[in-house]
Amino acid sequence: MTEHFGFRPGRRPPPEAGRPLYTLITIVRNAAATVEQTLSSVARQTYPAIEYIVVDAGSTDGTVDILRRYEHLISHWCSEPDKGHADGQNKGVAIAQGTFIGFVYADDWLPDDFVEKSVAALTASDADFVFGDMDYHTDGAFLFTIPGDPGYRKRITYRAPVMNYPTLTAHRRVFAGAGLFNPAYKVAPDFEWLFRVDRAGFIGRHDSTIRYNFALGGNSSQHATRCVLEVVRALRGLGANPLRVWPYALVKIAFHGVDERLRHWVSPAVYARIRAVRKAISG
C-alpha cells in the first residue's frame with residue numbers, strides 16, 4: 001500500500017506515538033455544500049493517532065478550495081479524475097499506513113468519538129473488522145437509527161446484510177487478504193468487497209457504541225435498484241443460490257420504491273416509523 005498517484009502532502013502534524021495509527025479516508029466529488037461538515041467532524045475526533053487521506057475526483061464546484069483551507073487537518077490529498085467510487089477508495093487504501101482503515105463520506109459526518117470507539121472495539125477483540133449503528137438524516141433532520149446485525153454471517157450468503165458499511169473499520173490485513181474494491185461495481189462496490197471479505201474467512205464484530213451520521217440522498221440512495229442488482233451480481237459471481245438471492249432482491253426493490261416516495265409525502269417522524277416496519281419485513 002505505497003502507490004502515491006497524484007497525492008500531495010497536507011500539513012497535519014505527526015500522530016501521537018504509542019497508539020495504533022488509524023487511516024481515515026474521504027472520497028469526494030463536487031460536494032462543496034457538505035464536505036466542510038465532514039472535515040469538521042474529522043477535526044473533532046478524540047483519537048490522537050489519525051492519518052487522514054482525501055481523494056477528490058476532480059471537483060469543479062469549489063470543493064478543492066475547501067480542502068485547501070483544511071490542509072492543516074489532512075495528511076495526504078489529491079484532486080484528479082478517477083474511474084468512480086471504488087477507484088477513489090482504492091487510491092486511498094493504496095497509500096494508507098494505518099493499522100486500521102475506515103472511511104467517512106463527503107455527505108456524512110462522524111461523532112467525535114467514532115475513531116476512538118472503533119479502535120477500542122478492534123483492540124479489545126480478535127475481530128478483523130468492527131461495525132456499528134447508523135443514524136440516518138435528511139435535510140438536516142434525524143430520521144432513524146439502523147442497528148448493525150451481530151448475526152450478519154447467517155445472511156451474507158444470499159443478501160446484503162445490515163452491516164452499515166460506512167461504520168466499518170478494518171484491520172489492514174483484511175485488505176491484504178481480500179483485496180481492494182472492484183471498480184466494475186459502480187454503486188455497490190462496498191457490498192461486493194464485504195462478500196469477498198467473508199469468503200476469505202475474515203470475521204467482523206458489531207459494537208453498538210460505534211455510531212455514524214449518514215445523509216440520505218447519496219449514490220446508493222439515488223440508485224437503489226441498481227445497487228440491489230449489483231448485490232445480486234456479486235453474490236451470483238461467488239456461487240450464491242439464485243433461489244435465495246432473487247426473492248430477497250425483488251422484495252428489496254419493491255419496498256424501496258414505496259418508501260422513497262413516502263419520504264417526500266409524509267413528515268420525518270411518520271417516515272421513520274414506516275421505514276422501521278419496512279426494515280423489519282425486508283431487511
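I started with strand β2 and its partner β5 (residues 100-103) in this predicted model. The two pair in the parallel sense, over 4 bridges. To fix the register, I looked up L24 and found it opposite G102 of β5.

Next I asked which other strand pairs with β2. That is β3 (residues 50-56), again in the parallel sense, with 7 bridges between them. Here V28 of β2 stands opposite D56. I then traced the connection: β2, helix α1 (residues 35-43) and β3 form a β-α-β unit, and its hand is right.

Is β2 buried or exposed, I wondered? I checked residues 22-28 and found 7 of the 7 buried, so the strand is largely enclosed by the rest of the structure. I also sorted the residues by face, since side chains in a regular strand alternate between the two faces of the sheet. On one side I listed Y22, L24, T26 and V28, and on the other T23, I25 and I27. Every one of them is buried, which leaves both faces of β2 covered.

My last entry is on the nonpolar core. The largest one holds 83 residues, and Y52, F103 and W193 have the most contacts inside it. I looked for the element that gives the most to this core, and it is helix α8 (residues 224-237), with 6 residues.

I picked W193 for a closer look at its surroundings. Setting aside neighbours within four places in sequence, I noted contacts from W193 to Y165, L168, A170, V174, F175, G179, L180 and F181.

Notes
Residues are numbered from 1 along each chain as its sequence is written. This is a predicted model: local features need pLDDT of at least 70, side-chain atom pairs count only at pLDDT 80 or more; totals for chains, interfaces and linings use all residues. Side-chain values use heavy atoms; hydrogens and water are left out. A nonpolar core is a set of buried Ala, Val, Leu, Ile, Met, Phe, Trp, Tyr and Cys residues joined through side-chain atoms within 4.5 Å. Buried means under 20% relative accessible area, exposed over 50%, partly exposed in between (1.4 Å probe, protein chains only). Contact means heavy atoms within 4.5 Å. Two strands pair if DSSP finds at least two bridges between them. A crossover is right-handed if, with the strands pointing away from the viewer, the path from the first strand over the helix to the second runs clockwise.
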